[in-house]
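Subject: Structure handover

Hello,

Here is the structure for you to look over. My notes follow below.

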Amino acid sequence: MARVYNFSAGPAVLPEEVLKEAAEEMLDYRGTGMSVMEMSHRSKAYETIIKEAEADLRELMNIPDNYKVLFLQGGASQQFAMIPMNLMKNRVADYIVTGQWAKKAYQEACLYGKANKIASSEDQTFSYIPDCSDLPVSEDADYVYICENNTIYGTKFKTLPNTKGKTLVADVSSCFLSEPVDVTKYGVIYGGVQKNIGPAGVVIVIIREDLITEDVLPGTPTMLQYKIHADNDSLYNTPPAYGIYICGKVFKWIRKQGGLEAMKAYNEKKAAILYDFLDQSKLFRGTVRKEDRSLMNVPFVTGNEELDAKFVKEAKAAGFENLKGHRSVGGMRASIYNAMPMEGVEKLVEFMKKFEEENA
């Protein structure tokens, strides 16, 4: 069977050459006579895998030495609790709510202290990013939290909020490694890897060292303390070893493509093909304010639910998978992460044109 064009929001498409390489190494990883899945996380071979993965990520993102890179479990959602448990020293934090995941993070933080919603775009179904140039940042806030790219709604912060000197914490799950980033602007930058980097089950946390302390909220489980993982180089317990190995391969693949500058240029070109079509289409329309559009997640609708359902069904039959929008918004959504080839987007637009002619 031929591979489909997989527009899933996550777990999502991975680079084909990475999958082929992993397949070749499945039974015997570089002469060890075993799969990485079977390998002790304390072995020399695995130590090389995880150290190399970290070194490649540091190079790709130009991560300064005073930031730790942690490969953890529990997905991005576990960070919703881990962040306040570790960082809410004053029991106050400010949240900018621009989608479902930021909202869930905010609700979780409310369990641990005073979480303030200082901006939100919920009034227009999260279809835009609010102006964050002069927000009522709390004087005693421990941090300001954002979800930088909103997978469900297809919005992206193009300018980081003015946190007025407070630590910025960002969930970058769905724009991770899609473009260059200045790590020094964040106290914590983290993301689940199952959208742009690897298989589900790994979350990468990049955290400034001064934020890693033993001073955590009372009752914080050992496994949810950043210091424990940082002191043990992400090997306090058995990590998601195979997932990290695949992430490492994807880091090498991105480096081969020319790094994050090249990735951004490619992603911009790819997204433009789809957005340009949506902007002139008589049938389909994008749902996001133009200046806030994500390069990674493109939601669109016809304005007719039955027609949307027909489109999703016919697209699937034509080899375009996972185009149904998130259940909370309906319509369609094409997630066009790093590993989605240009050809996939071109073919999708071709199909959309044909569908429009037949259903206009």
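On a 1 Å grid over the protein atoms alone, a pocket is an open set of points where a 1.4 Å probe fits, with protein on both sides within 12 Å along at least five of seven lines; lining residues have an atom within 4 Å of a point. The model is predicted: local features need pLDDT of at least 70, side-chain atom pairs count only at pLDDT 80 or more, and totals for chains, interfaces and linings use all residues. Residues are numbered from 1 along each chain as its sequence is written, and side-chain values use heavy atoms, with hydrogens and water left out.

The pocket

25 residues line the largest pocket. Nearest its centre lie Glu148, Lys156, Phe157, Glu179 and Pro180. The lining divides into 13 nonpolar residues (Ala, Val, Leu, Ile, Met, Phe, Trp, Tyr, Cys and Pro), 10 charged (Asp, Glu, Lys and Arg) and 2 polar (the others, Gly among them).

The sheet

7 strands (DSSP E runs of at least two residues, numbered from the N terminus) form an open sheet. Their order is β2-β10-β9-β8-β5-β3-β4, with mixed pairing (strands pair if DSSP finds at least two bridges between them). β2 (67-72) and β4 (114-120) stand at the edges with a single partner strand each, so one side of each has no neighbour in the sheet. β2 pairs with β10 (residues 203-208) in the antiparallel sense, over 6 bridges. Tyr67 stands opposite Arg208 in β10.

Thr167

Is Thr167 buried or exposed? Thr167 is buried (under 20% relative accessible area, 1.4 Å probe, protein chains only), because its value is 15%. Beyond neighbours within four places in sequence, its contacts (heavy atoms within 4.5 Å) include Asp142, Gly187 and Arg208.

Best wishes

Technical notes:
Buried < 20%, exposed > 50% of the residue type's maximum accessible area, 1.4 Å probe, protein only. Helix = DSSP H or I, 4+ residues; strand = E, 2+ residues; numbered from the N terminus.
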